[in-house]
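I opened the model this morning with a cup of tea and a short list of things to look up. Here are my notes, in the order I took them.

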Amino acid sequence: MGEAKYTYTPEIPEVFRCRVPMEGTGQSYVTNGVLREEFYSPEGLSLKPSDIRGFSLEVKSGSKCEQTLQIISFRDSTDTNELRFENRVLLEENSSSSILLCTHTLTLDHFSTEEVIKIEAKKGSNTNIVVMQNEHNHSTHKVKFVIESHQSSYLKINVITLHGALLENDFDVKLIGEGAVCELNGVYLVDGEQVIKTNVVMNHMVRECLSSQLFKGILDDTAKAYFTGRIVVAQDAQKTQAYQANHNLLISQGAKAYAQPQLEIYADDVKCSHGATSGRLDDNALFYMRSRGIGKAEAKLLQQLAFVYDVLEKIDNVQLRERLNDLVESRLRGEFGHCTNCSMNCC
Amino acid sequence: MLEIKGLHASIGGKEILKGIDLSVKAGQVHAIMGPNGSGKSTLSAVLAGRDTFEVTKGEVTFSGLNLLELSPEERARQGLFLGFQYPVEIPGVSNVNFMKTAINEQRKFRALPPITAAEFLKMMREKMAVVEMDSSFSGRGVNVGFSGGEKKRNEIFQLAMLDPVLSILDETDSGLDIDALRIVASGVNKLKRDDNAFIVITHYQRLLDYIIPDVVHVLYDGRIIKSAGKELALEVEQRGYDWLINGL
């Protein structure tokens, strides 16, 4: 037998996988809006396609999900159309769950994605959702959360925005059951010409609900951040507690932050507050750190990390929090956002 | 170790230091006293490299280097330490993280590998004991929610961690009760060696009961108007500054 002149390798399209999944996490993938068939559903959860695009997630009544469900949603060159789709999340009564939604772009096409995530938090449900957005400089992604919270439900959403050309996160929350709690937190890091928009409408429709919002951003170069936050307290929604804060750290002269807090209160026995600030790095703190031998760049970085520290602290899952802390740090160092030991470009 | 010759410095066009001459040798403790507004804090800030002040004339040599050419972090890495009169609060940066970063930045400068976790913890424990600091402080944000005394103790703790060649303590005694003063002073005394030096800036003689200076200087209107032994501090305490100022 002579030597083979050539060998044939069948073309197997590479399927994207997260190479460094976290412990205690089950992963499912959404490619250009389409839920992959080999999706993963741990006990107590049901994850199905809601239509051609979009997913439908149900956390069953009374189920206590120990594992975090991670849904990795990415755009790639197999479909570069503008996409619009809707996802549904139904959190049944007295269920508890933890969900991680990651959005990425894998190729450099100019993607445009608009998605709605409808969340219904039923009575007594307890849910933690972390959203991690890491897309490239030509990606426009608009996410609209439409949330209905029933009696004594607890829902916390933490959004970590690392990268993207134009990212818009809308939250339309209706607290319709007494004692419902909704907590929205966000960190956004923007530079270059990136734009981030956050719009929150928090509707307190019944009594004794609690909502809090804490959004913080670091802006460099000529990046822009818009924040519009409205709290509406209906006439019958007595004993409401509603808090809102938006703080921006402007690194450059060219960066701009626009904040529009709005309160509409029709009840008379409420506790509400809002605050919006934009500031610059603290020269005193920088000098203090430098006087201890810490270089200027490192001192600036420490101060930026310190600025967003309290928002990242709101992530309950310690492992996830540490990983996101690392991602935020590498992002602020101007590196690509990779998880440690991973070579994939989830960005 | 430190040679200051004809140092002039101003802020916003206003001259604060009007020709300072000072020579500090290894193993010495110098005290600088003087009324409010005489330029004591300006001198320490200029030496540490604060850029709000402009050096208009004079030279400063530190361990053979032109100090004025160095950035604040380079000065620190060469072994200069400033204990702040008003230590800065940095929420979100824990004391541990702050010190670890500072130590590793300094080690990097000396081409040493980052400190190991075990070594670092041991060092933290040892140095916290020097100023009788509770270990719970290590996890808290730098100076956040610290009382006046705790902040000053934290300065001496950082001094102990960084082991500088020359330490400048800017009114470390201000706002301290007698117990805190004793702890801070004994911390300094424990750290004093033949191969390092201290400049202690103070309003009051009280601190100098605990930290015995080799030389006492009186600073007035941007100049050192009198230098003498430790007895000068006592004299100032009893007679005030007027006799010195009027004698000019």
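I began with a strand pair: B:L2 stands opposite B:F62 in β4(B). Strand β1 (residues 2-11) and strand β4 (residues 54-62) of chain B pair in the antiparallel sense over seven bridges; for two strands to count as paired, DSSP must find at least two bridges between them. Helices (H or I, at least four residues) and strands (E, at least two) are DSSP runs, numbered from the N terminus.

A note on what I am looking at: this is a predicted model, where local features need pLDDT of at least 70 and side-chain atom pairs count only at pLDDT 80 or more, while totals for chains, interfaces and linings use all residues. Residues are numbered from 1 along each chain as its sequence is written, and chains are lettered from A and ligands numbered from 1 in the order in which they are written.

Next I followed the sheet outward. It is an open sheet of four strands in chain B, in the order β2-β1-β4-β5, with antiparallel pairing. Which strands stand at the edges? They are β2 (14-24) and β5 (65-66) of chain B, each with a single partner strand, so one side of each has no neighbour in the sheet. I reminded myself that strands of a sheet pair through backbone hydrogen bonds, either parallel or antiparallel.

Then I looked at what lies over the strands. Helix α1 (residues 40-48) of chain B lies across β1, β2 and β4 of that chain, at about 70 degrees to β2(B). That angle is between N-to-C directions and can run from 0 to 180 degrees, with axes fitted to C-alpha atoms, for helices over the stretch in contact.

I zoomed out to chain B as a whole and found nine helices and 12 strands. Its radius of gyration is 18 Å, close to the 18 Å that the globule rule gives for 248 residues, so chain B is as compact as a globular protein of that length. The radius is taken over C-alpha atoms, and the rule is 2.2 Å times the number of residues to the power 0.38. Of the 248 residues, 44% count as buried, meaning that 20 or more other C-beta atoms, placed from the backbone, lie within 10 Å of a residue's own.

Two buried residues caught my eye. B:V142 sits in strand β8 (residues 141-142) of chain B and has 28 other C-beta atoms within 10 Å, which is why it counts as buried. Leaving out residues up to four places away in sequence, B:V142 touches B:E89, B:I90, B:V93, B:N95 and B:F98; contact means C-beta atoms, placed from the backbone, within 7 Å.

B:Q158 is in helix α5 (residues 148-162) of chain B and is buried too, with 23 such atoms within 10 Å. Beyond its neighbours within four places in sequence, B:Q158 is in contact with A:R292 and B:M99.

That led me to the interface, where 18 residues of chain A are in contact with 19 residues of chain B. On the chain A side, α2(A) gives the most, with eight residues.

Last, I checked that helix. α2 (residues 296-312) of chain A has a kink of about 30 degrees centred on A:A306, the bend being the angle between axes fitted to the seven residues ending there and the seven starting there. Its buried residues include A:A306 and A:F307.

Definitions and conventions. Buried ≥ 20, exposed ≤ 12 C-beta atoms within 10 Å, placed from the backbone. Expected span 1.5 Å × (residues − 1).
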